[in-house]
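Visitor: Please show me the model, and then take me through how its helices pack.

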Amino acid sequence: MDPREGSSVGQGEAGNHGRSRWLDRGPEGDRPSPIDPEHGAESESAGRLDQVDPVRTELNEHSGADQTDLGDRGNWDDPRSAVDGNGAAAPASDSLSRSRLDQLFDSSPTAAPSEPSGDWGPRSGIRPDVRPGISDRRSGDRVGPSDQDLNHGPSDPKLDANRLDHGLGQDLAQDLHQPLDPELSNSLAEELAELLEPAIDRLRPLEPTEPPTTPLGPIVPVVVDDADPGPALYTPLQPPTPIVSRSAPLPVSHRSQALDLSSAELLGRSPLSFRILESQSGPVRTQIAPDTATCAACLRDLHDPDSRYYHYPFVNCTHCGPRLTVIRSLPYDRVRTSMVGFQLCPDCQRDYDNPGDRRFHAQPTACPECGPRIWFERPSQQRPIVKDEQAIAQAAEAIRQGAIVAIKGLGGIHLACDATQEAVVQRLRARKHRPHKPLAVMARNLESVRQFCVVSDHERSLLLGGAAPIVLLTIRDPHYLAPSVAPDMTEAGVMLPYSPLHHLLMSAVDRPIVLTSGNRAGNPQCIDNHEAHLQLQSIADAFLLHNRSILNRVDDSVVRVLPTSVQVIRRSRGYAPSSINLPPGLTNSPPILALGSDLKNTICLSRDGQAILSPHLGDLDSPACLQAYSIAIADLRNLFDHRPSAIAVDLHPDGQAVKVGESLAKALEVPLLRIQHHHAHIAACLADNQWGFDRPPVLGIALDGFGWGSDGTVWGGELLWTTYEQYHRVGALWPARLLGGNRAAQEPWRNLYAQFHATGLLDRVDSEKWFAQKPLNLLTGMAQTGFNSPWSSSCGRLFDAVAAFLGCAPDCLSYEGQAAIALENLARQAWDQDQQAYLIELRSESLLWLHPQALWEALILDRALGLPEAVMALRFHRGLAQALVQAAQTLKQQGLHFGAIACGGGVFQNRLLLQCLEAALMASNLHDPLLLPQQVPVNDGGLALGQTAIAAAWLQLGHV
């Protein structure tokens, strides 16, 4: 089969959907339809998905590769299984089974509105890939928007409290805004309880407000020998040098405000009558501040022997401390947080009630007399539990002695060990089954960081800022940390202490530590003590825990400083759930819930012109992660009292997030909007940069590993002429086979063979040499027949192939991005040695193809001539960047007008590629601005924002 079949411009779309606002190619007033006529009916694949329970589905084992969201969830035997030869969806079955969740609610399907009629006459020129599918809110069938359909909104009946259990039933009914069926059978109720067991846990009592006894019996007092207390274990903790300054002002509603009580006019009454009234329930419009690193004032309290907060690991105020991680519901009052079980002592109550105190109505405030407590335990060694300050001292000593300690922090539990001891780091990797992926490091202060990394002024401000993210820093001394911390890397992920507990611990350890997510492979990060004991007992030697419950899981954020901006790799603690303004022209859209994709997932709620992104939720590659994802959706919706008018999901027919969206859309009776993956990437970049709805289209460059194309093939190297409303595929990388489907994302040599096959160079290389001990006959058969090997224009897989050719990629990747990162690091070694670039040809056919035949011919020749691998890797980066710029120039010369070049997709996490792209643009005659996301990740972590913006445009234009 010719790879161009099904991959040309507009393939899989009806002859025409209407004229773009920016192309004069048809009669005036011809508008795009919300529905692709050839996608009018739901596909068989989507019909199958309606029968799948979105939470309990057993997922196939999956390991991704860099800049990809490829999961082992598609039908790789036939990549067009949900699409016919022309790219149209296959007919749906007449009757779709309702999901188990639907059976619990009174949501009888009604007849779907009829298909839209109209003249879909042919038209020449570029055809828009517009809205591959919009599903009816009741039956799930894709239909056109009739008047009766548009007028049918989500129901919001009053709940009958007499029929609801205090726990699960009420919570779930409120979440889905549906009354419970009074005839629920016991079996269904039991099944629902099993389905949402973690949600039940959220309604159980919080962590006990007293530390536990030892598993061996009552707590045994720890007797300290006054004559020889042990300097490392019992020496009073000293303040860090210098004291870290944090400056991240919170929203006004969360900051201490010094009021001039002498002004009766200010309060409208006598100063003596000033009161803070109890919060009243009502529509939730309050913003929630992100968790913020310890401020300078609280650090002074922490290290002041005269302060009642001296060495108290939970000191905080209105300027810092936990927020999202401790909130159960709004309004934000103490009784609605995990601090509800800790009654304020008289001193804390006085500060809490004093408008002139910085702890005025600081909901998490507490002191050693009335607040949470911390303890240290070694269950495996049957040692007694140690509390409070001695707990931190013993945890520090354990780390120094080579132990792996599970530490309950602000938004989750981490695994910590000495980052300078190679044997310990290797032991952590072996126990956690994480052989190569870089580990994050926490250092005591900037002076410590500068011993092993280069720190610029901008990076310093990020490390010391209120968000306190992990910052990717250039390694200065590769021998300072254990080699296994960041093997073969030029960067290390470094953070400074961001909570009082971490400040005290790092002062005692006085050396860098590894601080990585506390979870078993395939599970989300642990957040409660019982879960930590169950999951981490085979990994951790000891536990440093406390009894302040974590209600919302929040991972550490990751950022990188670019020459002119900051790139967010993971948006979580310190940033989420701060809202992002929707772009001008889309601020009046109704509430939308966007569910992201299956890798690096975040979800997005929109309302009142703002987008609220969840913290990083991770990959949906296991039942446990999928459960945590479903709970996070319910929690965030409940927290913000969010009632969506539509739900936006990815176009992938078998995506796990899509399955959850389908069930939720049916339960809420709202439209399900299916949005093409790379369109969402570019829309996220536009929304992040406040690109107005009425501004001209942009040329989107979307480079990643995997995204379901509207033609039923796999996309990943796309040039899209894009607005929020629609996109046109105007160019792409020449496609190659994904040999073995998902296995191609894990084994780079498969992509190398596929590239040789796609460019006709198999007879130019010694296959027996290049693919020794590989199943050549099987590869050849799959490449020729397409069995379990769909066509893909993935740029991520092209990087994997080049890395395999140059010998810097392992046969099997152990983490996402391993091959691409190795290729970038290799290329950087030659940055000052070579200025040449490999040629990637442009071939204009049905669309503008970026063809790599000349690239591979040059690589083969240079390899035979003995050119250094680093030089070849650099020439590849430069060649790809120049080809992208030349493609933009060619399209503009052909009459395609665009106002900017917008980038999206995980490949743009490659700093070297960005550097080469910017240099190529500077050398060209293009003067269009280059847009990159600033507030959200360029990878799939920002996808939900793009889905939200596109859905807002469709709703605003009446396409739904």
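Guide: Axes here are lines fitted to C-alpha atoms, for helices over the stretch in contact, and angles run from 0 to 180 degrees between N-to-C directions. The model is predicted.

Visitor: How are H18 and H27 oriented to each other?
Guide: The axes of H18 (residues 677-688) and H27 (residues 943-956) come within 7 Å and cross at roughly 90°. Angles of 65 to 115 degrees count as roughly perpendicular. H18 and H27 are therefore roughly perpendicular to each other.

Visitor: How many charged residues are in the contact of H18 with H27?
Guide: On the H18 side the contact includes His-677, Ala-680 and Asp-688, and on the H27 side Leu-943, Gln-947 and Ile-950 are among the residues met. By class, the contact has eight nonpolar and five polar residues, and the number of charged residues is one.

Visitor: Is H22 roughly parallel or roughly antiparallel to H25?
Guide: H22 (residues 795-805) and H25 (residues 869-893) have axes that come within 11 Å and cross at roughly 155°. Angles over 145 degrees count as roughly antiparallel. That angle therefore makes the orientation of H22 to H25 roughly antiparallel.

Visitor: Which residues of H25 meet H22?
Guide: H22 passes H25 in a right-handed crossing. From H22, the residues in this contact are Cys-795, Leu-798, Phe-799 and Val-802. Their partners in H25 are Phe-876, His-877 and Leu-880.

Visitor: How many nonpolar residues does that contact of H22 with H25 have?
Guide: By class, one residue is polar and no residue is charged. The nonpolar count is six.

Visitor: What is the orientation of H22 to H23?
Guide: The axes of H22 and H23 (residues 818-828) come within 8 Å, and they cross at roughly 60°. The crossing is left-handed. Because of the angle, H22 counts with respect to H23 as oblique.

Visitor: Which residues of H23 make the contact with H22?
Guide: H22 contributes Phe-799, Asp-800, Val-802 and Ala-803. By class, the contact has six nonpolar, no polar and one charged residues. The H23 residues are Ala-819, Ala-820 and Leu-823.

Visitor: Which helix gives the most to the largest nonpolar core?
Guide: The largest nonpolar core has 82 residues, and those with the most contacts inside it are Leu-719, Phe-799, Leu-823, Trp-856 and Phe-876. With 14 residues, the helix that gives the most to this core is H25.

Visitor: How many residues does the second, separate core have?
Guide: Tyr-352, Phe-376, Ala-440 and Ala-542 are among the residues of this second core. Its size in residues is 53.

Terms used:
Residues numbered from 1 in each chain as written. Predicted model: local features only at pLDDT ≥ 70, side-chain atom pairs only at ≥ 80, totals over all residues. Heavy atoms only, no water. Helix = DSSP H or I, 4+ residues; strand = E, 2+ residues; numbered from the N terminus. Parallel < 35°, antiparallel > 145°, perpendicular 65-115°, else oblique. Left-handed = near helix turned anticlockwise from the far one by under 90°. Contact = heavy atoms within 4.5 Å. Nonpolar A, V, L, I, M, F, W, Y, C, P; charged D, E, K, R; others polar. Core = buried A, V, L, I, M, F, W, Y, C linked by side-chain atoms within 4.5 Å. Buried < 20%, exposed > 50% of the residue type's maximum accessible area, 1.4 Å probe, protein only.
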